[in-house]
Amino acid sequence: MSFKKDEESGLNAYYNNKSTIIQEARIFNESNVSPRKCRALLTRVVYLLYLGETLNTQEATNLFFGATKLFQNKDSALRQMVYLTVKELATMAEDVIMVTASIMKDMQPNSEVVYRPNAIRALCRIIDPSMVQGVERFFKSAIVDKNPSISSGALVSAYHLYPQGKEVIKRWVNEVQESVNVKPIASYFNSPQPTSGYLGFSSPQPQGPQTIPSTSNITQYHALGLLFQIRQQDRMAITKMIQQLGGGKSGSGSSLKNPMALCMLVRYAVKVMEEDPNMHKQMYDLLEGWLRHKSDMVNYEAARAICEMRGVTAQQLTRSVSVLQIFLSSPKPALKFAAIRTLSQLALTHPASVATCNVDMENLITDSNRSIATYAITTLLKTGNEASVDRLMKTITGFMSEISDEFKVIVVEAIRSLTLKFPAKQALMLNFLSGVLRDEGGYDFKRAVVEAIFDMIKYISDSKETALAHLCEFIEDCEFTKLSVRILHLIGIEGPKTLQPTKYIRYIYNRVVLENAIVRAAAVSSLAKFGVNAVDGTIRNSIRVLLSRCLDDVDDEVRDRAAMYLKVMQEETLAQKYVKDDSVFSLAALESQLVSYVNDSAAAETPFDVSGVPKVSRAQAQQESARPNAIDTIHIFKEHVVFQFNVSNTLPDAILERVAVAMQPNDAGLTEDFILPIESLSHENSPQIVYVSFTRDSPEDYVLGSFGCTLKYISKEVDPTSGVPEEEGYEDEYQLEEVELGAGSDYIIPNYAAFTAEWDKMKETGTSLTETFALSSMGSLKAACDSLIEILNMEALGGTENPQSTSVHTLNLSGLVTGGGGKVLARCRMTFSSGQGVTLELSARAEQESAARLVLAAIGG
């Protein structure tokens, strides 16, 4: 068979272009439909969409309704292909809702098992949010169906419908909970056999194709995902669900039999730990129990979760590292790769804990999978000692050419940190980096190597001249403009400080002759730095000659720079101002003065005076930008308000001690109780938490306002060689952004309710308040709805967040006021006119009058 004939009989000839497929769709209208031909054509349609081909609305509609004509065919394989095609075309075609009756016919309990899951999944794509309540009965019965494929189809469809029909689907929680619980599933071999009657006649068997039931319990995975969606706003319900399904400290008593469901439960437990520090101990005990599960998948997910916990201690890591160590000797490559990658990440913060696995990682250096071998070597570099560096470096050099750029970057990053850890090995590291710099590679890889050499120049003075020489050789044939510019800038700063600065001038001027305009301009600036900072007068004269030649350059930027620097070199004051002075404006001070200038209406008449902005050195500016940052979370209690600040130390060469946040409330109503500071905060153990507690002077009132916040700490420099901080530090402080204590964002949380019943009930038992507001800036009712939901932080009920009219609308909201405030409901009646914007009548009903006033205060201020 010739190559041409092979090509013609392959996929290229089978999956034709769009026009051919649309023309062949006429076979759907034939009186005697051929199931085989129709299946083949539908396969080509789906494959065409998979390749990214776009169909216009008319084409998609014709194909959609052509395919729906095949619903009458009894061929099960064809019917399944029809459903698959209908699902893909539903988002592009028009009037797709017309086939709802045909699909629902196959959803009936008495229909074939092979049809029902496909019909349920297709219906999910067809119906709109208003129809969800009409199919509620079908979905609820399908969710608890004994057949796993039917149950999974209903659960997955409900998961996709949830964003549009939250209120209806939340009512299915009991059925979903039942699907989470394990159900006995008969296998194909122990399924009940047909029974014979007294006269020997067997009972009738179901006709048509029958599916073999799945024994994977995948239904639990789908049900757990939907259950979390329904309960995600209720943290207590999520915590209770995790504890019930977790199986206790041993993990063996869990009712979840599907490993993927347990992996999802692990992730939910981690989420609870991050959001609620009070649940840390209970969730950690569950994670430790899952380390002993019989599934490798669950073991690894639990071990990875423990290794990635914030502030995890070496003692807590012991069991998870032991599990990962066992996986390193697994015959499964995926398991080995997952384990070594997790250990590699953990080695950045806890090298001593990972060092116990060094023997097992040594065996992986020769692994046939180069990805595993790369991670093994880089992890050993992080955990090993100085004596093992030579042997590991020799091994790395052998296979650098066999791995991808992504893993080359990982190797270079490991060597970068190792160089700073063992400065005595700088010559070996520099030779390796210069060697890989000459190899083929992409921009990210070359940038990582250049960054590593930059660090060596900055922190290891003995390597400066050799490193600069290697960089000079690299820019001779560097294909990346950004890297050339950065290297030229560095040479201009460090070159004049060396013993023989003249040896670098030749490399720089070669760039003026041979490179593009951007690099030439950078080379001119670098030459000028040599001329200004040179002590020898002959060097200055040589630089003037070279810059004079650049005055004839074809690019105006290069000519302008050359002319400016020639003038600068003639006057010392200009040289001091434009070349030697590396100070910049303090960004914090500049921002503060700009904000004051913009807010002051009287100042707009005069230009902004930049001379009043203080200047700092580049080192100070870099330190200023690397100040510790803090993210705040507010916890509301009945008599207290607690502010939680997650503080991160972004200074790798400093340790912060006695870190605290001083808060100054702008309004009365809160009295400070105490501050729980951080005793020691390093770059490795970041972030940690500072708590500031206030007492509510009047618990029935809800204090609103802003707080001025200042982060105070003692900064101690760390010796880069020994890693030991200095004994005495200096007190410093950093102004944080003001913290707002708002009505909706802090006091109110979303809460589902049956609005009409609760509204009528609160009329008798609660408090009602009404106020009218003019929202003139709102351009539509939809914009007003979105803003109200965001400001009040309440749950929109009954789909009222999407207005059906452009002029009149009513938005129903429900929430729960924290700190014992109880339920609160809001009815927002709105009218819109193009000239006046939105007019809002806000009615609030709550169990307590203060809660209702809180809702009105959130809008009225």
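Which residues have the most contacts inside the largest nonpolar core? They are Ile242 and Trp290, and this core has 190 residues. The model is predicted. The points below describe its nonpolar cores, a charged patch on its surface, and two residues with a positive phi value.

**Nonpolar cores**

- Helix 15, which spans residues 259-275, supplies the largest share of the 190-residue core, namely eleven residues.
- Another core lies apart from the largest one and has 57 residues.
- Members of this other core include Leu656, Met663, Ala784 and Val817.

**Surface charge**

- A patch of negative charge on the surface is formed by Asp653, Glu717, Glu726, Glu727 and Glu728.
- Within this patch, Glu727 belongs to the loop that links strand 9 (705-717) with strand 10 (730-735).
- Glu727 has a relative accessible area of 76%, and therefore counts as exposed, a class that requires over 50%.

**Backbone angles**

- Most residues other than glycine have a negative phi.
- Asp95, which is not glycine, has a positive phi near 55°.
- The position of Asp95 is in the loop between helix 6 (76-89) and helix 7 (100-105).
- For Asn793, also a residue other than glycine, phi is positive and near 55°.
- Asn793 is located in the loop between helix 38 (781-792) and strand 14 (795-796).
- The relative accessible area of Asn793 is 24%, so this residue is classed as partly exposed, between the limits of 20% and 50%.

How values were computed: Residues are numbered from 1 along each chain as its sequence is written. This is a predicted model: local features need pLDDT of at least 70, side-chain atom pairs count only at pLDDT 80 or more; totals for chains, interfaces and linings use all residues. Side-chain values use heavy atoms; hydrogens and water are left out. Patches are made of residues with over 30% relative accessible area and no salt bridge: like charges are joined within 9 Å, nonpolar side chains (Val, Leu, Ile, Met, Phe, Trp, Tyr) within 5 Å. Accessible areas come from the Shrake-Rupley method with a 1.4 Å probe; for residues, only the protein chains shown count as cover. A salt bridge is a side-chain nitrogen of Lys or Arg within 4 Å of a carboxyl oxygen of Asp or Glu. Lys and Arg count as positive and Asp and Glu as negative; His and the chain ends are not counted. The place of a charge is taken as NZ of Lys, CZ of Arg, CG of Asp or CD of Glu. Helices (H or I, at least four residues) and strands (E, at least two) are DSSP runs, numbered from the N terminus. Buried means under 20% relative accessible area, exposed over 50%, partly exposed in between (1.4 Å probe, protein chains only). A nonpolar core is a set of buried Ala, Val, Leu, Ile, Met, Phe, Trp, Tyr and Cys residues joined through side-chain atoms within 4.5 Å.
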